[in-house]
Amino acid sequence: RLLLVAWRAVMHGESTNFWLMLVFGLGSWVAVNGIYAELPFMVDRLPEGYNVATSVGLAIQVGNVGPVLYTLLQKKYGSSLDGPAIIGIFILGIVCCLLLAFLWDRTASINGSEFSLSLLVLSAGLAVLDCTSSLLFWPFAHNFSNPIITALASGEALSSTVPGVIAWIQASGNGDGICAASDSGTFRPSVFFVVLSGMLLISLIAYRALSRINYLRLGNVQRKPTRASTDSYQKLRRFEDGDSKVEVTNYEDDYRVVETKESASELDFEDQRIDQEDRPSSYMLYVIIGTIGLLQNGIFPSIVPIVMKNFSACSYGVTNSTSLVLAPFFSIAVLYFPMHVARKIMFLIVGCIVASVYIFIVAVLGSEAAMASTVQGGIVHGAILVITSCLIAYAKSAAFRLLRVEGKLNAYERLQKGGTAQQIGSFVGAMSMFVLVQFTDIF
């Protein structure tokens, strides 16, 4: 599908915009995903060991201060804040990655205990970039055509795949097969973070190029037909002009919206078909999305290293990077295999919860778990974790898609509440795992 959309962009003379937007989207979540991809190569050098993932998960939740601060400032400065904010968060991410390259293993003593203070503080800084990108990147992308917007979504998906592939490369060149563990990689974590900073720099350059292209395009259009921005669509009215039925706007901007009624009727048909099949309660979807956040962003990043350390030194890294690589493809699979009924998503989530409970029990049992300290055990439990992570990613995309098309009014508000539910679930999960790991002996 990505190649098909890219081809359409080429045919419309927008190939440069497509690839620039793809690279720009890559910078959205590549930093946080990169930290998780690199953790297997760092755990043996950190005082927390495998438990460091719980502290990192909690530090990443601190990154939500970015969206909150942006929302408060936007009320005063409006959309004029978006450009400087995007540049600012990219610079913050580049600086944090470069500092991590030199300070990732530096520790500090607090109340007689050693903590990976540098890693945690800089992880929180990178989380500010990633969390705030969700509020900034999409409004910017709406100034472009649909194929270019698709490129942003594809870039966001690749922000998980690319760090996972780099981790595979790092783990596979030591002559002992694929083994992602401390002191076993083909290059050190410092090199990985330098590469990560380079990726963010390239994404920033892509954004500046897109901004320049958009500025020149709007300056040269002067009331010629083009794709609308989000604000333009809010002023849309319909009329019929002979045999050509179109939708146009009447407003003060420098360009005009033109959209065929056929495309609008197709969207209407999809909404009506889904509404006829099922009218799910928004509250049910909020619960589903909150549960997904609890599992995907709160529990799994912390529980995976605790479970996999019971099998072999390489199990954690291979399982972790494989999940990062494959999960985005399951998110995109919703385009081909959508779920139109909320109950089906609920059943899928219940299955993921059952698998998560089993994984949690294995983590509690530790060395007494079935097939502990065996390669076969690592393969079996790694497969369970990867499959569950991929199904959770699919359920997340399906839930947000259904939330968007559940009726035609207030879609923005529902999606915003859905994102809030996900963040609440993520925070509850991360905080719960942090308390269990740091203040109990359950593991």
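Select Met21 first: leaving aside its neighbours within four places in sequence, Met21 is in contact (heavy atoms within 4.5 Å) with Phe140, Ala141, Phe144, Ile148, Ala151, Leu152 and Leu210. The model is predicted, so to speak of local features a pLDDT of at least 70 is needed, side-chain atom pairs count only at pLDDT 80 or more, and totals for chains, interfaces and linings use all residues. Residues are numbered from 1 along each chain as its sequence is written, and side-chain values use heavy atoms, with hydrogens and water left out.

Next, add Phe24, Phe193 and Ile345, which together with Met21 touch the most other members of the largest nonpolar core, a set of 96 residues. Such a core consists of buried Ala, Val, Leu, Ile, Met, Phe, Trp, Tyr and Cys residues joined through side-chain atoms within 4.5 Å, where buried means under 20% relative accessible area with a 1.4 Å probe, protein chains only. The element that gives the most to this core is H12, with 12 residues. A second, separate core of 5 residues can be selected through Phe41, Ala167, Ala171 and Leu324, which are among its members.

Now display helix H12 (residues 282-308) and helix H13 (residues 315-332), whose axes, lines fitted to C-alpha atoms over the stretch in contact, come within 8 Å and cross at roughly 145°, on a scale from 0 to 180 degrees between N-to-C directions. At their meeting place, select Val304, Pro305 and Met308 in H12 with Ser315, Tyr316 and Thr319 in H13; the residues of this contact divide into 4 nonpolar, 2 polar and no charged.

Finally, select the whole protein chain, where 50% of the 443 residues count as buried.

Technical notes
Helix = DSSP H or I, 4+ residues; strand = E, 2+ residues; numbered from the N terminus. Nonpolar A, V, L, I, M, F, W, Y, C, P; charged D, E, K, R; others polar.
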